[in-house]
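Here are my notes on the pockets, as promised. Have the model open while you read.

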Amino acid sequence: MSGFITINGSRVDSPEDPRVSLLDLLRERLELPGTKKGCDQGACGACTVLVDGQRILSCLALAVQYEGCSVTTIEGLAADGTLHPLQRAFIEHDGLQCGYCTPGQVCSAVGMVEEVRRGVPSFVTSDLSAGTIALTHDELRERMSGNLCRCGAYNGIVDAIAEYVETVR
Ligand code: FES
Ligand code: FES
């Protein structure tokens, strides 16, 4: 008997086939195409989703690993037709061109801000004993380095995330 995964608030059966990736479950079986398949090998970040609030690459994850967990995709971030504040910031700051990387950027940034809030250090965090970590430009750059944008919309992406960080501070 298969278990279930909660996806955007709805319980769905986990796949009988344990080889199905979380990304393929979302896109091909649940018709949630917001999460994008870029490289399918963990190199681009387009497939980033949140599992119990933490960002993961869904192309590298087997769906059955997440039985009993709560998965949030880009479709689940917008509540009742109202865009998430970070989605609005991306629009206001032109943080996209073709938009293919955008769902992954947004999910990743939401998870990243929570990581900073929890005090999780990054490769460039200089003071590991500090109670709070300042989300400097270098921190933001490093922490979002797993999300590539082939259109090069990085300036707008950084501005959008920086504005969002200000509003949730
Ligand atoms: S599609 Fe998962 S990292 Fe590129
Ligand atoms: S907006 Fe086109 S890849 Fe990022």
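1. A quick definition before the list of residues: a lining residue is one that has an atom within 4 Å of a point of the pocket. Keep in mind that this is a predicted model.

2. Start with the largest pocket, which has a volume of about 270 Å³. Going along the sequence, you'll find its lining made up of Val113, Val116, Arg117 and Gly119, then Gly131, Thr132, Ile133, Ala134 and Leu135, and finally Val165, Val168 and Arg169.

3. Which helices supply at least two residues each to that lining? They are helix 4 (102-117) and helix 6 (154-168). Helix 4 has the largest share, with 3 residues.

4. As for character, the lining of the largest pocket splits into 7 nonpolar, 3 polar and 2 charged residues. Arg117 and Arg169 are both in this lining, and Arg counts as charged.

5. Now the second largest pocket, with about 220 Å³ of space. Its lining takes in His137, Leu140, Arg141, Met144, Ser145, Asn147 and Leu148, along with Tyr154, Asn155, Ile157 and Val158; Gln105 is also part of it.

6. Here helix 5 (137-143) and helix 6 each bring at least two lining residues. The biggest contributor is helix 6, with 4 residues.

7. The make-up of this second lining is 6 nonpolar, 5 polar and 1 charged. Arg141 is among the lining residues.

8. One thing to look at on screen is helix 6: it supplies at least two lining residues to the largest pocket, and it gives the most to the lining of the second largest pocket.

How values were computed
Residues numbered from 1 in each chain as written. Chains lettered and ligands numbered in written order. Predicted model: local features only at pLDDT ≥ 70, side-chain atom pairs only at ≥ 80, totals over all residues. Heavy atoms only, no water. 1 Å grid on protein atoms, 1.4 Å probe; cavity = no way out; pocket = protein on both sides within 12 Å on 5 of 7 lines; lining within 4 Å. Points joined across faces, edges and corners; volume = space filled by probe spheres on them.
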